[in-house]
Every structure is written in structure tokens, then in C-alpha cells.
Amino acid sequence: MKHRYLILIGLLLGIGALALIFAFTDPVSIGLFGVVGVFTIVYGIIFCIVYSVAMLITAKINKKREKVRKIRMRKVQYISGVLALAPIFIMSFFSLGAVNLPEVLVVILIEVVAIFFINKRF
């Protein structure tokens, strides 16, 4: 239950921080730490969205399963964190130039391998 409020607060704070950054700075004067900050805030927003959707889906699945086979929320949290990295990777490729099929395939491969290791661990 606590996670829902934290996710909502994180989402609202992230959107507010992005609005402030875009309103009071320009891309030329923001510097390296500003760009990293924007990527971090966007990651936080995407993580909140992915994690909340994953929590809803997991809750529905866990209602139908017996206690031994329930999906752990820690596993859902890790997978949500990995899935939230994909748009950040794509945005960073956009900043280097166009995004082609090889770049998308590399991002998909990284995501699949990371989720495979998470599933193996938990």
C-alpha cells in the first residue's frame, strides 16, 4: 500500500522537476550535469509508470495463484527498473544521431539478458 503513494509522489515530483527545468533553462546552458539530471528524472518518471502498471498486473495474477507460486514484488521492482532503462537508452542514441535497427536490437538484447538474470536470481 505504501508503494502506491510513493510512486504517485515520485511521479508528480518528477513531472514538476522537468517542468521547472524546461521552463527556466535552455539546452545550451544546462551543461553536463543538467543533461544527466534530465535523464535521471525521465528515468524516475518512466520507472514509476512501469512499476505501477506491473504492480497492478502482478496483483491480479497473484490473486489466482497459490501462496507458493506468487510473484515477489522485489522481482517486479527489479524488472520494472530494467524496463525503464530502455527508453533512456533510445533517447541517448537519439542524441548521438538517428536510431536504426542495430541500436534497437542492442537495447532489446540488453533488456532480455538483464531480465533473464533477474528471473534466474529470484
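Where is the place of Ile57? Select Ile57 and you land in helix α2, residues 31-64 (helices are DSSP runs of H or I, at least four residues, numbered from the N terminus).

Before moving on, note that this is a predicted model, where local features need pLDDT of at least 70, side-chain atom pairs count only at pLDDT 80 or more, and totals for chains, interfaces and linings use all residues. Residues are numbered from 1 along each chain as its sequence is written, and side-chain values use heavy atoms, leaving out hydrogens and water.

Stay on Ile57: its relative accessibility is 48%, so it counts as partly exposed (buried is under 20% relative accessible area, exposed over 50%, partly exposed in between, with a 1.4 Å probe and protein chains only).

Next, colour Tyr51, which counts as buried because its relative accessibility is 3%. Add Phe47: both residues lie in helix α2, four residues apart, about one turn of the helix. Their rings form a stacked aromatic pair, 5.5 Å centre to centre with 5 degrees between the planes (rings of Phe, Tyr and Trp, the last by its six-membered ring, pair if their centres lie within 6.5 Å; planes under 30 degrees apart are stacked, over 60 edge-to-face, the rest tilted). Now show Tyr43 too, and ring pairs link Tyr43, Phe47 and Tyr51 into a cluster.

Finish at Ile7. Leaving aside neighbours within four places in sequence, Ile7 is in contact with Cys48, Tyr51, Ser52 and Met55 (contact means heavy atoms within 4.5 Å).

How values were computed
Helix = DSSP H or I, 4+ residues; strand = E, 2+ residues; numbered from the N terminus.
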